[in-house]
Amino acid sequence: MVVLLALSPLLAQMPDSAREWLNRGVQAFKNAQYNDAVTAFQKAVDLAPSDPTPRLYLATAYMQQYIPGADSPENRAMAQQAEAEFRNLLSLDATNRVAMASLASLNLNQRKWDDAREWYQKLLVQDPRNSEAYYSMGFIAWSKWYPDYSKARAQAGMKPSDPGPIADPSLRASLRGQYWGVLDEGLWNLHQALAINPQYDDAMAYLNLLVRERADLRDTKEEYTRDIAEADQWMHKVLETKRMKAMTQQGGGGGGNRIAAPPPPPPPPPPPSGNAGGETPQRIRIGGPVQQAKLISQSPPVYPPLAREANVQGTVQLQVIIAKDGTVAHIEVVSGHPLLVPAALEAVRQWRYQTTLLNGDPVEVATTVSVNFTLP
């Protein structure tokens, strides 16, 4: 009796069939009571271990609690539990598209690019006309290539607004050797997404980015000019598609086919006062608003002309590691429009913060940064 009183009202009565537990889990899930939903779905799985439906609901309940971009043991464990249950589902139903798409999404949100790509490829075997899978692999290609591309431009002394190609031939050759195949595959996948859905304007936007950035690797002015002209054509198609969607009241930005931007991570815990051994930790986590007050040099982002022309505005969310000397050592993108992300990255890389001291010693800081782009 004591145990029953400790349970939530939804689970206080103990049904004896998998179907009843499944129904209770669905009700808890609809009410955003995810812990109760997990409990109910697990009981349904225990009662009907060969039925794929309870496992699908159980995996989905775990995935719903995973927060993309939040780096904590609990959050990583939630992702691992979701992945394990989706894999269990595939052991019962090897062609389950929801499980494949969910595993791809989980890996993408954890920036496990190659694993995500593999799951999208498996999904396409079962669902060859899944434009979102093709688009996602195009996004993965850009995500893998862009950090080194951006570093190469900075190493060559180029500002974001400087035209290409990258002046240093050795840098161009190095990037081509490492990423030319990645770029080709990304472009091919984005074209496939558009062949399935010609109105997929997010795919057009990434085609514009990849072709425009590929131009920086060209050795001749003619090749560079040709790529820039192609990128401009894609940008014009983005604008025209958005205009047509607005006119027909179908919405913009890729409609139902785009990958939903992951939510910003929850507020991080307060920094620790020191570990049990009395040693100062090498890195602490500080909330974005608190760390914002420590900025001593903040270069505003340059509003991308293409984004301005396309009437694109919004916020780019970033996860940032600040070195002990206050420089920005590492950046990861959490969310943001593809036309705004590069400008946000270029700006934040130049920011400088006050050195953070803990117990008198400088430490690295992990924090979140929001870069806002607003049109007048």
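A search of the whole structure finds 13 salt bridges, a salt bridge being a side-chain nitrogen of Lys or Arg within 4 Å of a carboxyl oxygen of Asp or Glu. The structure is a predicted model, in which local features need pLDDT of at least 70 and side-chain atom pairs count only at pLDDT 80 or more, whereas totals for chains, interfaces and linings use all residues. Residues are numbered from 1 along each chain as its sequence is written, and side-chain values use heavy atoms, with hydrogens and water left out.

**Salt bridges**

Three of the pairs are set out below.

| Pair | Closest N to O | Location |
|---|---|---|
| Arg 97 and Asp 127 | 3.9 Å | Arg 97 in helix H6 (residues 97–109), Asp 127 in the loop between helix H7 (113–126) and H8 |
| Arg 212 and Asp 232 | 2.8 Å | Arg 212 in helix H10 (residues 201–214), Asp 232 in helix H11 (residues 221–248) |
| Asp 227 and Arg 214 | 2.8 Å | Asp 227 in helix H11, Arg 214 in helix H10 |

Helices here are DSSP runs of H or I with at least four residues, strands are DSSP runs of E with at least two, and both are numbered from the N terminus. The salt bridge between Arg 97 and Asp 127 links positions 30 residues apart. Its two members differ in burial, a term that means under 20% relative accessible area, with exposed meaning over 50% and partly exposed lying in between (1.4 Å probe, protein chains only). Arg 97 is partly exposed at 44%, while Asp 127 is buried at 19%.

Arg 212 and Asp 232 also join distant parts of the chain, 20 residues apart. Asp 232 is partly exposed, with a relative accessible area of 28%. In the pair formed by Asp 227 and Arg 214, one residue lies in H11 and the other in H10, so the salt bridge ties together parts that are 13 residues apart in sequence. Both Asp 227 and Arg 214 are buried. These two residues belong to a network of salt bridges that also includes Arg 218 and Glu 230.

Helix H11 also holds Thr 241, which is buried with a relative accessible area of 7%. Leaving aside residues up to four places away in sequence, Thr 241 touches Gln 199, Asp 201 and Met 204, where contact means heavy atoms within 4.5 Å.

**Helix H6**

The 13 residues of H6 should span 18 Å at 1.5 Å a residue, and the end C-alpha atoms are 18 Å apart, which agrees; the expected span is 1.5 Å times one less than the number of residues. Among the buried residues of H6 are Ala 99, Met 100, Leu 103, Leu 106 and Leu 108. The cover over the buried residues of H6 includes helix H4 (52–65), helix H5 (73–92), H7 and H8.

**Nonpolar core and strands**

A nonpolar core is a set of buried Ala, Val, Leu, Ile, Met, Phe, Trp, Tyr and Cys residues joined through side-chain atoms within 4.5 Å. The largest such core has 103 residues, of which Tyr 120, Trp 145, Leu 318, Val 348 and Trp 351 touch the most other members. Helix H8 (residues 131–155) supplies the largest share of this core, 12 residues. Beyond residues up to four places away in sequence, Val 348 touches Leu 318, Val 320, Val 328, Ile 331, Val 369 and Val 371.

Strand S3 (residues 314–322) pairs with strand S7 (residues 361–373) in the antiparallel sense over nine bridges; two strands pair if DSSP finds at least two bridges between them. Within this pairing, Gln 317 stands opposite Ser 370 in S7. Strand S6 (residues 356–358) and S7 also run antiparallel, joined by three bridges. The bridge partner of Leu 358 in S7 is Asp 361.

**Whole chain and confidence**

The protein chain comprises 14 helices and seven strands. Buried residues make up 45% of its 376 residues. Of the contacts with a separation of 6 or more, 64% are between residues 24 or more positions apart.

The mean pLDDT, the predictor's confidence in each residue from 0 to 100, is 81 for the protein chain, and 85% of the residues reach 70 or more. Confidence is lowest in helix H1 (residues 2–6), at a mean of 41, and highest in helix H9 (residues 169–196), at 94. Over residues 1–7 the pLDDT is below 50, and this stretch has four contacts beyond near neighbours in sequence. Residues 250–281 also have pLDDT below 50, with 63 such contacts in the model. Where pLDDT is low, the predicted coordinates should not be read in detail.
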